[in-house]
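Reader: I would like to learn how to read cysteines and buried charges in a protein model. Could you take me through them step by step?

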Amino acid sequence: MYDFLASHAIISDQAAHDINKFCDLSSSASNQTSECNAAVDEIGKDIAFIDVYNIYAPLCNNPNLTTQPKKNSVVIDPCSDNYVYAYLNRGDVQEAIHANVTKLKYDWEPCSDIISKWEDSPSTVIPLLHEFLNSGLRVWIFSGDIDGRVPVTSTKYSINKMKLPIQTTWHPWFIYGEVGGYTQVYKGGLTFATVREAGHQVPSYQPARALSLIKHFLDGTPLPNTKRYD
């Protein structure tokens, strides 16, 4: 994450360096050094007024809810999360989808702080990916290239740790005559693809490119490396 933010001129190179040098980034870390805390504080100020899930997206400056649903648009509404939050916390909606039947006293949230520490979360899914590949299953991993929360750099670091030989080298893939992203295929059945101009929730930002990605996966066909194909 920090390397991505530094490479996109959002945080300083020094802050990224200090995070990597002074911070314990393991899942079991508890206490951090003063140098680490200073770097974290600096980065917090740098990203406080951007959407880290899409570093180039506008912020929601008017979270007031509309009385009528807005018309569908290919451009994501930066206040969408506010609408979803309000909708899923309505009593009639929860009753209709049989949610919150125990009448919890706190709201539904997309990322809740009620459970502050997960005890059963693995530090990495790499062993699971190896298990899939060794069982003959195809695995596709994709990243929106302007997602700062789970950025493309982190995904590439993780894939590199798998030490898989390359089958098809890095190249752009196309949709409607334009670059939809970039991809690399590894021997054993793993494909990595980026989606150009997509944030964390790829289909929300680039629905056509996301659809092309899933269609090629389901069809068992590689992403097109020529403008002649969609």
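Author: What follows is a conversation about disulfides, a free cysteine and a charged residue in this predicted model.

Reader: How many disulfides does the structure hold?

Author: In general, one looks for two cysteine sulfur atoms within 2.5 Å of each other. In this structure there are two such disulfides. One is formed by Cys 23 and Cys 36, whose sulfur atoms lie 2.0 Å apart, and the other joins Cys 60 to Cys 79, with 2.1 Å from S to S.

Reader: Where in the chain do Cys 23 and Cys 36 sit?

Author: Cys 23 belongs to the loop between α2 and α3, while Cys 36 is in helix α3, which covers residues 34-47, so that the pair, 13 residues apart, links distant parts of the chain. The link of Cys 23 and Cys 36 is right-handed, with 105° about the S-S bond.

Reader: And where are Cys 60 and Cys 79, and what is the handedness of their link?

Author: The link of Cys 60 and Cys 79 is right-handed, with 100° about the S-S bond. Both Cys 60 and Cys 79 are in the loop between α3 and α4, 19 residues apart, and this pair too links distant parts of the chain. If the bonded cysteines are numbered in sequence order, the pairing reads 1-2, 3-4.

Reader: Which of these cysteines are buried, and which is partly exposed?

Author: A residue is called buried when its relative accessible area is under 20%. Cys 23 is buried because its relative accessibility is 11%, and Cys 36 is buried because its value is 2%. In the other pair, Cys 79 is buried at 6%, whereas Cys 60, at 25%, is partly exposed.

Reader: Why does Cys 111 have no disulfide bond?

Author: The general idea is to look for the closest cysteine sulfur and ask whether it is within the cut-off of 2.5 Å. For Cys 111 the closest one belongs to Cys 60, and because the two sulfur atoms are 17 Å apart, they are too far from each other for a bond. Cys 111 counts as exposed, because its relative accessibility is 57%.

Reader: Now for the charged residue: is Asp 18 buried or exposed, and what is the nearest side chain of opposite charge?

Author: For a salt bridge, one asks whether a side-chain nitrogen of Lys or Arg comes within 4 Å of a carboxyl oxygen of Asp or Glu. Asp 18, in helix α2 (residues 13-22), is buried yet has no salt bridge, and the nearest side chain of opposite charge, that of Lys 21, is 6.7 Å away.

Reader: Which residues does Asp 18 touch?

Author: Leaving aside residues up to four places away in sequence, Asp 18 touches Cys 23 and Ala 39, and this leads back to a disulfide, since Cys 23 is bonded to Cys 36.

Key:
Residues numbered from 1 in each chain as written. Predicted model: local features only at pLDDT ≥ 70, side-chain atom pairs only at ≥ 80, totals over all residues. Heavy atoms only, no water. Helix = DSSP H or I, 4+ residues; strand = E, 2+ residues; numbered from the N terminus. Buried < 20%, exposed > 50% of the residue type's maximum accessible area, 1.4 Å probe, protein only. Lys, Arg positive; Asp, Glu negative; His and termini not counted. Contact = heavy atoms within 4.5 Å.
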